[in-house]
Amino acid sequence: MNAEQILSQFSATGVQTCFHGRHIEPQIYAGLNGRNWSLKDYEARGGYQALRKILGQDGSAPHPETGVVGFTQDQVIATLKDSALRGRGGAGFPTGLKWSFMPRQFPGQKYLVCNSDEGEPGTCKDRDILLYNPHIVIEGMAIAAFAMGISVGYNYIHGEIFEAYERFEAALEEARAAGLLGNHIMGSHFSFQLHAFHGFGAYICGEETALLESLEGKKGQPRFKPPFPASFGLYGKPTTINNTETFAAVPWIIRNGGQAYLECGKPNNGGTKIFSVSGDVEMPGNYEIPMGTPFSKLLELAGGVRKGRQLKAVIPGGSSSPVLPASIMMNCTMDYDSIAKAGSMLGSGAVIVMDDSRCMVESLKRLSYFYMHESCGQCTPCREGTGWLWRLVDRIERGHGKPADMALLDNVAENIMGRTICALGDAAAMPVRAMIKHFRPEFEHYIEHKTRMAPTANV
Ligand SMILES: Cc1cc2nc3c(=O)[nH]c(=O)nc-3n(C[C@H](O)[C@H](O)[C@H](O)COP(=O)(O)O)c2cc1C
Ligand code: SF4
């Protein structure tokens, strides 16, 4: 299949971007139309006011007690902690807490890195941010750099997306020309140099330490942790890494306050979150909604299950998050805590919807192939185990499965989990265990009858 055929196949799925107006209280995607990405447009939407505010360039009076004009570094971090913003890259780690780990007094160079690698199957939110609202990421990164006393930053952008990379470069040029990046930003003492870096298109380069290796020009393979990037990051220097959407959330928080952001969502899960809804829905696309919104509402926004079919299962947070059956998912709200309680993960917010025509054996075969293909090969349980998993599911799907394969699948998955350098091993094993836990009869049926249990449908 050539590139054009692949692209036309993609557009045939009807995947929409973020311009459908079916968001709820959007903060990052608000007011976007695909053309208004430039600095002038961003400023018309209130852009760079947050940076002005912390640098004391918005005309506000000095603090009555401290005499400080603008924010101190501690104030920015405290505001982030109040907001309960959690990292949008997958793990949901509290952002304010992560920023507080940066050794601000470190005498040498410190780095800030934005993770725009976005390789998780199902996830397509960050590229929309970079394409249609790039300055929100630049402003968020500048605020983060100020808070942590960092003077150099990089945005690592997935190697297979060219338009987003070019757009981000164009926005950087605009920001530099307007004095919003570079030396003495807005005439203040704060200087920040920000660069775009076009990555290499491997899923593993999204793992933060593999990303750092790749940024240094080496093979993108994860490092052992500890040491964590906060103490040994890019070129061995203290480094903070956050996801694109995490940085994009920051300007709103500074403009409106941490408490206001928290109240947009629910306790411990502040603000809005962008969900990339794909699979068997009428209107796939990116949806920005408050944390804690019921899943049923998100499904409704996406037009419901395609062709009026029944919902069978949902992978709620990208391909590495455990699948949940419809009955559990319909009682969940879309936030880290609710999805974790149900036995899965909110992850990167890629919601893959599966209707009742889907065969779980075939779906798992597809997923297992991906992880086998993307394993970087450094550790034996992942390198060998992901291949075992795929070969086992493949053999079941080809009609050569044996009853003992069920236990073997579970055993191989169990022996990968927690025994690898990075979380890709767990990401490969978790979907397998969840599929067996919730859909065991389908696998047993396939082994016994050499065919799928669900009816074959023309989807
Ligand atoms: C295999 C693997 C792939 C990952 N891919 C991404 C990615 O594409 N984008 C991302 O932001 N985080 C990704 N992560 C998570 C990052 O390692 C890191 O936790 C994240 O960038 C931190 O940002 P946050 O705190 O803002 O979420 C990945 C992790 C693993 C294990
Ligand atoms: S778990 Fe897999 S991807 Fe991660 S370092 Fe080990 S071999 Fe590489």
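A residue counts as near a molecule if one of its heavy atoms lies within 4 Å of that molecule. The exercises below apply this to a predicted model.

**Exercise 1.** Describe the shell of residues around ligand 1 and state which of them come nearest.

*Solution.* Begin with the count: there are 17 residues around ligand 1, and Gly89, Lys98, Glu118, Asn243 and Thr246 come nearest. Next, sort the shell by residue class, which gives three nonpolar, eight polar and six charged residues. Finally, ask which element contributes the largest share, and the result is β4, with three residues.

**Exercise 2.** Find polar contacts of ligand 1, using a cut-off of 3.5 Å between N or O atoms, and state how much of the ligand is covered by the protein.

*Solution.* Take the side chains to start with: a polar side-chain atom of lysine 98 lies 2.9 Å from an oxygen atom of ligand 1. Turning to the backbone, a polar atom of glutamate 208 is 3.0 Å from an oxygen atom of the ligand, while a backbone N or O atom of glycine 206 lies 3.3 Å from a nitrogen atom of ligand 1. As for cover, ligand 1 on its own has 610 Å² of accessible area, of which the protein covers 88%.

**Exercise 3.** Identify the space taken by ligand 1 and characterise its lining.

*Solution.* The ligand takes up the second largest pocket, whose volume is about 1,400 Å³. Of the 48 lining residues, Gly89, Gly90, Ala91, Gly206 and Glu208 lie nearest the centre of this pocket. By class, the lining divides into 19 nonpolar, 18 polar and eleven charged residues. By element, β4 (239–243), α14 (336–341) and α18 (424–449) each supply at least two residues, and β4 gives the most, with five.

Terms used: Residues are numbered from 1 along each chain as its sequence is written. Chains are lettered from A and ligands numbered from 1 in the order in which they are written. This is a predicted model: local features need pLDDT of at least 70, side-chain atom pairs count only at pLDDT 80 or more; totals for chains, interfaces and linings use all residues. Side-chain values use heavy atoms; hydrogens and water are left out. On a 1 Å grid over the protein atoms alone, a cavity is a set of points where a 1.4 Å probe fits but cannot get out, and a pocket is an open set with protein on both sides within 12 Å along at least five of seven lines; lining residues have an atom within 4 Å of a point. Grid points are joined across faces, edges and corners, and a volume is the space filled by probe spheres set on the points. Helices (H or I, at least four residues) and strands (E, at least two) are DSSP runs, numbered from the N terminus. Ala, Val, Leu, Ile, Met, Phe, Trp, Tyr, Cys and Pro count as nonpolar, Asp, Glu, Lys and Arg as charged, and the others, Gly among them, as polar. A polar contact is a pair of N or O atoms within 3.5 Å; within protein, one must be able to donate a hydrogen and the other to accept it, and residues adjacent in sequence count only if both atoms are side-chain atoms. Accessible areas come from the Shrake-Rupley method with a 1.4 Å probe; for residues, only the protein chains shown count as cover. A molecule sits in a cavity or pocket if more than half of its atoms lie within 2 Å of its grid points.
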